[in-house]
There are 2 protein chains.
Amino acid sequence: MADPKKRFEIIIQKLRDNGHKITPQRLAIVKILAESEDHPSVENIHVQIKKDFPTMSLATVYRNIVLIKSLGEVLELGFPDGSNRYDGNKPNPHPHVICIKCKKIVDPDLDSLDEMKKEVASETNFEILNHRLDFFGICSDCLAEKV
Amino acid sequence: MADPKKRFEIIIQKLRDNGHKITPQRLAIVKILAESEDHPSVENIHVQIKKDFPTMSLATVYRNIVLIKSLGEVLELGFPDGSNRYDGNKPNPHPHVICIKCKKIVDPDLDSLDEMKKEVASETNFEILNHRLDFFGICSDCLAEKV
DNA sequence: TGTTAGTTGGAAATAATTATCATTAAGGGA
DNA sequence: TCCCTTAATGATAATTATTTCCAACTAACA
């Protein structure tokens with residue numbers, strides 16, 4: 001996991017560099033995204049911030065995520081059930097392993113992915129820009145409970 | 001690509017086996033899914049069928065897709081922009097390469113995927129049940145146009 | 001400190017999907 | 001073949017997630 005403080009600084013700097021203002025609301029959202037160990041949802045972020053910032057609007061959370069996403073500083077994880085969750089700590093595409101019971105998300109290390117990307121590019125003649133790789137299953141905790 | 005006729009028979013038989021009635025509407029939907037070379041959307045399927053079957057309801061298309069999905073006979077491709085498209089010809093999870101310009105979808109052959117699944121299982125201790133692998137990029141046709 | 005353009009909050013609009021409910025019809029049994 | 005039961009359908013309303021609108025506000029810079 002990247003250092004949340006550094007990620008925070010990087011995202012804020014990128015916002016400045018692109019001429020965006022740094023508001024308290026924006027700071028609060030970026031802070032959560034920079035940590036985002038648990039891959040929070042929009043709703044989740046909104047609820048967290050409302051504790052200290054009761055007037056925070058849901059629209060503002062959406063707006064900022066769209067903005068930060070457009071700067072490439074947060075990764076959107078769209079799941080088959082239609083829910084979206086976010087990773088601002090590791091914003092580059094990377095594989096996920098998701099437990100369908102407890103919704104836990106783990107980031108595995110997979111060396112073979114880069115090679116696979118090349119394989120796809122040469123087979124299809126596409127210029128590959130992005131990818132998404134998710135595994136769904138049951139984590140060891142939930143497997144143990146099942147008994 | 002699997003033989004559309006065979007896929008059609010398989011899906012219909014599975015519906016029968018599970019005690020579902022075979023209606024004209026259902027037949028029309030299954031027919032399109034069994035071909036589904038172009039990975040149609042719900043809207044797309046609805047429009048196609050309405051040509052010959054003007055009373056076909058959008059709700060019926062949704063209902064049948066949910067049903068056939070629950071029988072494991074159609075694969076739902078959920079895209080980052082929120083759109084869903086369907087593959088009833090190859091219903092098992094398989095990689096896709098999607099052109100972000102023209103929305104073309106290609107199915108590449110990737111031998112290394114099975115091995116990757118094992119790698120993930122042993123690294124995370126998950127029981128892997130399902131996966132999703134999509135590459136996004138620009139196809140050779142659109143690359144040529146860009147000039 | 002004043003100006004200005006980007007940002008916010010709250011509500012309304014939008015889009016995709018699901019639920020509701022009265023009506024219809026598939027398919028098994030008499 | 002004709003009922004009868006029950007699932008399926010069509011049309012619409014409800015739901016959910018996200019986006020847009022707009023008036024009021026404020027960060028940033030001179």
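This tour moves through a predicted model, with stops at the DNA strands, the chain interface and one phenylalanine.

**Stop 1: DNA strand C**

Select DNA strand C and show the protein around it. You should find 22 residues surrounding this strand. Pick out the closest: A:His20, A:Ser57 and A:Thr60 from chain A, with B:Ile22 and B:Ala59 from chain B.

Now color by element. Three helices each give at least two residues to the surface near DNA strand C: H2 (24-35) and H4 (58-70) of chain A, and H4 (58-70) of chain B. Which helix gives the largest share of that surface? It is H4(A), with four residues.

Switch to coloring by class. The surface near DNA strand C has ten polar residues, eight nonpolar and four charged.

**Stop 2: DNA strand D**

Move to DNA strand D. Here 23 residues surround the strand. A:Ile22 and A:Ala59 are among the closest, as are B:Gln25, B:Ser57 and B:Thr60.

Highlight the helices again. H4 of chain A, helix H2 (24-35) of chain B and H4 of chain B each supply at least two residues of the surface near DNA strand D. By class, that surface divides into eight nonpolar, ten polar and five charged residues.

**Stop 3: where the chains meet**

Hide the DNA. Select the residues of chain B that contact chain A: there are 32, and they meet 32 residues of chain A. On the chain B side, the elements giving two or more residues are strands E1 (75-78), E3 (96-99) and E5 (127-138), plus helices H5 (113-124) and H6 (140-145). E5(B) brings the largest share, twelve residues. Color this side by class and you get 17 nonpolar, eight polar and seven charged residues.

**Stop 4: the paired strands**

Select strand E5 (residues 127-138) of chain A along with E5(B). How do these two strands run, parallel or antiparallel? They run antiparallel, joined by eleven bridges. For one pair to zoom in on, take A:Ile128, whose bridge partner in E5(B) is B:Gly137.

**Stop 5: A:Phe136**

Stay on strand E5 of chain A and select A:Phe136. Is A:Phe136 buried or partly exposed? A:Phe136 is partly exposed, because 18 other C-beta atoms lie within 10 Å, and buried would take 20 or more.

Show the contacts of A:Phe136, leaving out residues up to four places away in sequence. In chain A, A:Phe136 touches A:Ile98 and A:Ile100. Across in chain B, the partners are B:Leu129, B:Asn130 and B:His131.

Finish with a distance. Draw a line from the C-alpha atom of A:Phe136 to that of A:His39: the separation is 16 Å, for residues 97 apart along the chain.

Note on methods
Residues are numbered from 1 along each chain as its sequence is written. Chains are lettered from A and ligands numbered from 1 in the order in which they are written. This is a predicted model: local features need pLDDT of at least 70, side-chain atom pairs count only at pLDDT 80 or more; totals for chains, interfaces and linings use all residues. A residue is near a molecule or strand if its C-beta atom, placed from the backbone, lies within 6 Å of it. Ala, Val, Leu, Ile, Met, Phe, Trp, Tyr, Cys and Pro count as nonpolar, Asp, Glu, Lys and Arg as charged, and the others, Gly among them, as polar. Two residues are in contact if their C-beta atoms, placed from the backbone, lie within 7 Å. Two strands pair if DSSP finds at least two bridges between them. A residue is buried if 20 or more other C-beta atoms lie within 10 Å of its own, exposed if 12 or fewer, and partly exposed in between; C-beta atoms are placed from the backbone.
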